Amino acid sequence: MTERDVRVYEVGPRDGLQNESTPIPTDAKLRYIGLLADAGLREIEATSFVSPRAVPQLADADELMARLDRRPGVRYPVLVPNLRGLERATAAGADAVCVFTAATESFTRANIGMSIAESIDAFRPVMTEARERGWWTRGYVSTAFGCPYEGEVAASAVVAVARQLIELGVDEISVGDTIGVAGPADVRRVVGALVAEGFNRDRLAMHFHDTRATALANVSAALEQGIRCFDASTGGAGGCPYAPGAAGNLATEDLVYLLEREGMNHGVDLDALLAAARDVSNTLGRPLSTKVGQAGGWRVPVP
Ligand code: HMG
Ligand code: MG
């Protein structure tokens, strides 16, 4: 990796679709994932092995992972909240897992029915097994900037949870603006605190939701702070069902366009990505709300 290399971590099939109430056929999800790989994405978060009652939209996780056409060089992480989820993920052929907790107690309770400390205890055996198998692992810290129940969040709370996840052995921490309230100054504050506390920038990813149109500004701030992995959802759908007010992930097409103009290496073909965005938009039955999804890439007119 050079200074100009950025990882675009696609969360559309998981975070993008998890909050949709209309059932989406597994075939449509598999086609979407295939188009994302066609566009050059190398990390595609495919689904979640959570309680089907908690997230009915992803109840087909077992079938989806078992039928997935795995492309060489592409990682397909899945969310697992506990050992039950790890067992299901294993049976379905997964080899990269994400555990997920938050910086605030109320959100963690609403989302996974545990306190933060209980979530870390639940993840310990999951992480031990995953690491023994040599799997790639990620830990999410949600509500890192604001909580739908507790309001503003101190950077020290983010640092405390992130440290516990690193101690469990996760390869990477994804710092989440779950309800899309952060601005660039918040990004500088939280990333600055993590770096000051000794976290390696290469093990940090940022997960922005574009609820209030600040996601790209936040990406710019994080890029300036040396962060080189960004989560995004092609088509811009998404949000956590247990975070009232969560809406729209940062759209991958908007992110890729910004990275392009910043001269960063991202490995994604924008035209092919827009084909994936149109596909998911057709599946969801609504037009793309993303800027680059509507405008397309910029073609310099030939005189
Ligand atoms: P619970 O009800 O508190 O606890 O759920 P439980 O252990 O008593 O389980 C209840 C039922 O779920 C039982 O079934 C279990 O067997 C079953 P019953 O006996 O009642 O029929 N169960 C499972 N079934 C399938 N797979 C499993 C599993 N575990 C238990 N793995 C639990 C606790 C954690 C399971 C539940 O709260 C849950 O699944 N929550 C997931 C919520 C979720 O997926 N939220 C969205 C992802 S987080 C997010 O979007 C934020 C992020 O994008 C970053 C950001 O934006 O900040 C990552
Ligand atoms: Mg999210």
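**Helix α11 and its surroundings: group meeting talk**

Let me begin at the start of helix α11, where a side-chain oxygen of D269 comes to within 3.0 Å of the backbone nitrogen of D271. Please keep in mind throughout that this is a predicted model, and that what I describe is computed from its atoms.

Helix α11 itself covers residues 270-284, which makes 15 residues, and from its first C-alpha to its last it reaches 21 Å, close to the 21 Å expected at 1.5 Å a residue. Its buried residues are L270, L273, L274, A276, A277, D279, V280, S281 and L284, and these pack against three other helices, namely α2 (26-38), α10 (252-261) and α12 (291-295). Just after the helix comes G285, which takes a positive phi of about 75°.

I would like to single out one residue of this helix, S281, which is found in α11. Is S281 buried or exposed? With a relative accessibility of 11%, S281 counts as buried, because buried here means under 20% relative accessible area. If we leave aside its neighbours within four places in sequence, S281 is in contact with R286, P287 and L288.

Now to one of the packing partners, α10, which is mostly covered, in that seven of its ten residues are buried. The buried residues in question are T252, E253, D254, L255, V256, L258 and L259. What covers them includes β1 (7-10), α9, β10 (229-232), α11 and α12, so that α11 appears here again, this time as part of the cover of α10. After α10 there follows G263, whose phi is positive, near 70°.

Let me turn to empty space. How many cavities of 30 Å³ or more does a search of the whole structure find? The search finds one, and about 30 Å³ of space lies in the largest cavity. The residues that line this cavity are L17, I24, A28, K29, Y32, D279, V280 and T283, and the elements that give two or more residues to that lining are α2 and α11. Two of the lining residues, D279 and V280, have already been named among the buried residues of α11.

The largest pocket is a separate matter, and about 380 Å³ of space lies in it. Of the 27 residues that line the largest pocket, those closest to its centre are Q18, L79, F100, N111 and C240. At least two residues of the lining come from each of α1 (12-16), α5 (105-112), β5 (136-142) and β8 (172-177). Which element gives the largest share? The answer is α5, which supplies three residues of the lining.

Next, the metal. The magnesium ion, ligand 2, has as its protein donors D15 through OD, H207 through NE2 and H209 through NE2, and these lie 2.0 to 2.4 Å from the ion. Along the sequence, the donor residues of this magnesium ion are spaced D-x191-H-x1-H. As for the two histidines, H207 is buried, with a relative accessible area of 5%, and H209 also counts as buried, at 2% relative accessibility.

I should also mention two backbone positions that may deserve a look on the screen. T143 has a positive phi of about 45° although it is not a glycine, and its place is in the loop between β5 and β6 (146-147). A213 has a positive phi too, of about 65°, and is likewise not a glycine; A213 lies in the loop between β9 (204-208) and α9. Where they part is in accessibility, since T143 counts as buried at 0% relative accessibility, whereas A213 is exposed, with a relative accessible area of 64%.

Finally, within helix α9 (residues 215-224) we find A217, which counts as partly exposed at 36% relative accessibility. A217 and A185 are 32 residues apart in sequence, and their C-alpha atoms are 9.9 Å apart in space.

To return to where I started, the buried residues of α11 pack against α2, α10 and α12, and it is α2 and α11 that give two or more residues each to the lining of the largest cavity.

Key. Residues numbered from 1 in each chain as written. Chains lettered and ligands numbered in written order. Predicted model: local features only at pLDDT ≥ 70, side-chain atom pairs only at ≥ 80, totals over all residues. Heavy atoms only, no water. Helix = DSSP H or I, 4+ residues; strand = E, 2+ residues; numbered from the N terminus. Expected span 1.5 Å × (residues − 1). Buried < 20%, exposed > 50% of the residue type's maximum accessible area, 1.4 Å probe, protein only. Contact = heavy atoms within 4.5 Å. Polar contact = N/O pair within 3.5 Å; in protein donor to acceptor, adjacent residues only side chain to side chain. Donors = N, O, S within 2.8 Å, 3.2 Å for Na, K, Ca; no water. 1 Å grid on protein atoms, 1.4 Å probe; cavity = no way out; pocket = protein on both sides within 12 Å on 5 of 7 lines; lining within 4 Å. Points joined across faces, edges and corners; volume = space filled by probe spheres on them.
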